[in-house]
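Me: I've got a model open and a few labels I'd like to see justified. Can we go through them one at a time?

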Amino acid sequence: MYLSKEEERILNGEEGYARQKSMEILASLGDIYGADKLIPVTSCQIAGASYKTIGDAGLFFVSEFAKTSKIRVKATLNPIGMDSIGWQRMKIKKEFAEKQLEILDAYLKMGIDCSCTCTPYLIGNRPDCGEHIAWSESSAISFANSVLGAKTNREGGPSSLASSIIGKTPNYGFHLERNRKAGIIIDVKTEIKKFSDVGALGNYVGTIIGNKIPYFKNLSLDSDKLKSLGASMAASGSVALYHVEGLTPESNKAIDDDLEKIEVGKEEIEESKCKLNSSDDMELICIGCPHCSVGEVKEALNIFKKEGRTFKGDIWICTSRYVKNELERTGVAQELEKYAKLLADTCMVVAPIEDNYSRTATNSGKAAVYLPSLCKQKVRFGDLESLIKDFN
Ligand code: F3S
């Protein structure tokens, strides 16, 4: 990959350790994937922030970077392993909390916006259509590429951090128009209404299409459900971009004639739900993967009120600090606390829930995929209304 004189100087270490290492990461990626050059990015989203997932090695890595550099473009941080203020409510161990706060501190020192959410597009890091960005949270990547029409590859935590420090990314993959066309049509032949339907659809499609870009027909979803669909496909497969006919910004130019087509009906959705279920029993119910919007939390509150009782078991609703503050300002959070814990900065997957629970229920297709492997959980998958009906 071509490097300008200035980029070569950075690579030679003339601007310090963090900028040199960042340029090494970007140059290597560019060479591996055949990029012609580095291009400027307008925003970064950095995953790899939970002590549970990055451990002491990750803490060392970000601390070293924090000693010698600051970011050059807007960058937001993914969820961490606990609510940074209310971590005791999650039964988090003190040793874990201390390490987690050190990681947070290192990111803060670099100038990163430690909003700790996987839905940065709901709180101000919302790129416009056509903007080049470097994001590394799979559900956020899918939303940015598909729903916003921004352009990002599926970055890892270190490469998105490197991009935030250099302000650039290698020009390949989804940054190039020609790589953003649909590879398969998904004709939806059944009603997709609830979050669990969306999660099951995403899980089914992600599992069967490999690395093709899906183009959905006959699908009408609001923005919250689109974020859930992308998250589910990214978890069960490697989908980082999808199009929905008449809904997503590139759908009118993303499709060629004679594409392979598959139909998804009720049977496939039910089969997918069955596969995501490994438990009838549940100790914890979690929603908010990806992090809930204000609207989703209000919807959950209505469901609890309709059920008309409180619960002995734990219910977590995961969201960003920004959304939590907004819900506190309007009194929704206070009303919700009667039924569930509203947690900010974290989620059921990157928090060490396995220390306290072994059977977790969720309405999220993404969480249902990761809870068994990353959190040693048996999973009950379903929509919130049906889950709470069977919950004590
Ligand atoms: Fe977000 Fe955690 Fe799900 S980071 S997408 S809530 S696994």
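Reply: Sure, starting with the salt bridges: there are 6 between domain 1 and domain 3, where a salt bridge means a side-chain nitrogen of Lys or Arg within 4 Å of a carboxyl oxygen of Asp or Glu. Keep in mind that this is a predicted model, with local features needing pLDDT of at least 70, side-chain atom pairs counting only at pLDDT 80 or more, and totals for chains, interfaces and linings using all residues. Residues are numbered from 1 along each chain as its sequence is written, and side-chain values use heavy atoms, with hydrogens and water left out.

Me: Why is Asp314 with Lys91 called a salt bridge?

Reply: The closest N and O atoms of Asp314 and Lys91 are 3.4 Å apart, and the cut-off is 4 Å, so the pair qualifies.

Me: What makes Arg321 and Asp83 a pair that ties together separate parts?

Reply: Their side chains meet in a salt bridge at 2.8 Å, N to O. Arg321 lies in helix H11 (residues 321-329) and Asp83 in the loop between strand S3 (74-77) and helix H4 (94-109), so the bridge links parts 238 residues apart in sequence. Helices (H or I, at least four residues) and strands (E, at least two) are DSSP runs, numbered from the N terminus. By the salt-bridge rule the count comes to 37.

Me: Where do the domains begin and end?

Reply: The domain assignment gives domain 1 (5-177), domain 2 (181-274) and domain 3 (277-389); such bounds come from an automatic or database assignment.

Me: How do you know that domain 1 and domain 3 are in contact?

Reply: Contact means heavy atoms within 4.5 Å, and 26 residues of domain 1 meet 28 residues of domain 3 that way. The two bury about 2,100 Å² between them, 54% of it on carbon and sulfur atoms. Buried area is the accessible area (1.4 Å probe) that two parts lose on being put together, summed over both. Lys52, Arg89 and Met90 supply 31% of the area that domain 1 buries against domain 3, more than any other three residues.

Me: What makes the protein as compact as a globular one of its length?

Reply: First, the inventory: 14 helices and 14 strands. The radius of gyration is 21 Å, close to the 21 Å that the globule rule gives for 392 residues, so the label fits. That radius is taken over C-alpha atoms, and the rule is 2.2 Å times the number of residues to the power 0.38.

Me: What about the backbone at Pro290 and Asn218?

Reply: The peptide bond from Cys289 to Pro290 is cis, with omega near -5 degrees, and Pro290 is found in strand S10 (residues 284-292). Asn218 has a positive phi of about 60 degrees although it is not a glycine; its place is in the loop between strand S7 (214-217) and helix H8 (223-236). Most residues other than glycine have a negative phi, and most peptide bonds are trans.
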